[in-house]
Amino acid sequence: MSMVGSYVALSKPLVAAFPVLLLAWLRFGIAGLAMPHWLRRPPDEAPMSRRTHGLVFLTSFFGNFLFSICMLFGVSMTSAVSAGVIMATLPAVVAVASWLFLRERITPRIAMAIACAALGIGLLALTPAHAAAPDAPRGAMPVLGNLLVFCAVLCEAAYSVIGKSLTGKLGPRRISSLINLWGFVLSTPFGIWYALRFDFGAVSASMWMLLVAYALAASIWTVWLWMTGLRHVPASKAGVFMVMLPVSAALVGVLVLGETLSQLQVLAFALALLGVVLATWPARRR
């Protein structure tokens with residue numbers, strides 16, 4: 001999640017250089033060229049059942065494709081502050097989804113960690129730096145925008161819960177490659193449509209290098225790390241670590257992009273990290 005927040009913050013130049021759906025298509029395509037050998041089934045892995053194929057598709061559809069569409073369109077209709085506050089519900093939604101579908105127990109300490117995470121991100125979204133952001137147009141449909149952002153939260157929660165189910169059937173490398181392949185298939189019609197109308201010669205060499213780094217981080221490294229961790233961590237506890245996404249994105253903005261850090265933001269970071277400590281502190285053994 002720290003890496004996700006970092007590349008999200010550093011991908012602003014890419015969004016300005018490429019249409020979003022074309023950028024997604026290029027991301028999946030570049031990552032697919034880097035890991036074709038991950039698609040092969042290991043000798044000690046059972047053949048995929050029809051249910052596993054369906055879970056792989058749903059993971060990619062919700063976590064890669066639908067999440068991006070809901071978030072981009074939602075933020076265009078509402079304010080960035082509202083979107084940030086709604087995203088603060090992500091750890092709680094993941095915990096509830098893991099309780100409903102995976103029958104995982106939410107301990108009091110995990111519940112406290114979720115509360116700290118939600119409060120920390122909520123404070124981060126309500127800071128003056130976020131409230132004054134120029135990227136929040138005063139849309140005429142804020143209710144619909146907020147609903148779309150919450151749909152993006154549900155998509156990310158589904159990605160975590162379904163990914164937890166997949167880790168018991170497939171290895172992290174194969175999950176990463178299959179999810180990326182489905183993402184490429186889903187985005188291909190939109191990518192081709194934009195590619196036929198896009199001037200690729202106007203893109204600088206440095207921007208292409210940034211695109212390659214973004215593709216490798218977004219589709220390979222982060223997915224592989226996340227799926228590897230989910231094999232050993234309950235989904236409800238893993239959801240708490242999603243607070244590192246906005247935290248790391250803000251830190252990159254301060255350290256790399258030259259943005260300022262207010263006292264309220266420091267408090268938000270402290271609460272978010274406290275939630276991670278509560279969730280990961282070893283339990284006392286009898």
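Tutor: Let's fix one term up front: buried means under 20% relative accessible area, exposed means over 50%, and partly exposed is what lies in between, using a 1.4 Å probe and protein chains only. The model is a predicted one, where local features need pLDDT of at least 70 and side-chain atom pairs count only at pLDDT 80 or more, while totals for chains, interfaces and linings use all residues. Residues are numbered from 1 along each chain as its sequence is written, and side-chain values use heavy atoms, with hydrogens and water left out.

Student: Okay, which residues of helix 6 are buried?

Tutor: Helices (H or I, at least four residues) and strands (E, at least two) are DSSP runs, numbered from the N terminus. Helix 6 covers residues 90-101. Its buried residues are Leu 90, Pro 91, Val 93, Val 94, Ala 95, Ala 97 and Ser 98.

Student: How far does helix 6 reach from its first C-alpha to its last?

Tutor: The expected span of a helix is 1.5 Å times one less than its number of residues. With 12 residues, helix 6 is expected to span 16 Å, and its actual reach is close to that, at 16 Å.

Student: And what phi does Arg 103 take just after helix 6?

Tutor: Look just past the end of helix 6, at Arg 103. Its phi is positive, at about 60 degrees.

Student: Zooming out, how many helices does the protein chain have?

Tutor: From the N terminus on, the element string is α all the way: α-α-α-α-α-α-α-α-α-α-α-α-α-α. The protein chain has zero strands, and its helix count is 14.

Student: What share of the residues in the protein chain is buried?

Tutor: The chain has 286 residues to go through. The buried ones make up 45%.

Student: Is Thr 59 buried or exposed?

Tutor: Thr 59 sits in helix 4. Contact means heavy atoms within 4.5 Å, and leaving aside neighbours within four places in sequence, Thr 59 is in contact with residues including Tyr 159, Ile 179 and Met 227. Because its relative accessible area is 0%, Thr 59 counts as buried.

Student: Which side chain makes a polar contact with the side chain of Thr 52?

Tutor: Thr 52 lies in helix 4 (residues 50-77) and is buried, with a relative accessible area of 4%. A polar contact is a pair of N or O atoms within 3.5 Å; within protein, one must be able to donate a hydrogen and the other to accept it, and residues adjacent in sequence count only if both atoms are side-chain atoms. Not counting residues up to four places away, Thr 52 touches Leu 166, Lys 169 and Leu 170. At 3.0 Å, its polar partner is Ser 49.

Student: What separates the C-alpha atoms of Phe 190 and Leu 22?

Tutor: Phe 190 is in helix 10 (residues 172-195), and at 36% relative accessibility it counts as partly exposed. Leaving aside neighbours within four places in sequence, Phe 190 is in contact with Leu 21 and Phe 65. Although Phe 190 and Leu 22 are 168 residues apart along the chain, their C-alpha atoms are separated by 6.9 Å.

Student: Which residue has its charged end over the ring of Trp 193?

Tutor: Trp 193 counts as partly exposed because its relative accessibility is 46%. A charge sits over a ring if NZ of Lys or CZ of Arg is within 6 Å of the ring centre and within 35 degrees of the ring normal. Here the charged end is 4.0 Å from the ring centre, and it belongs to Arg 197.
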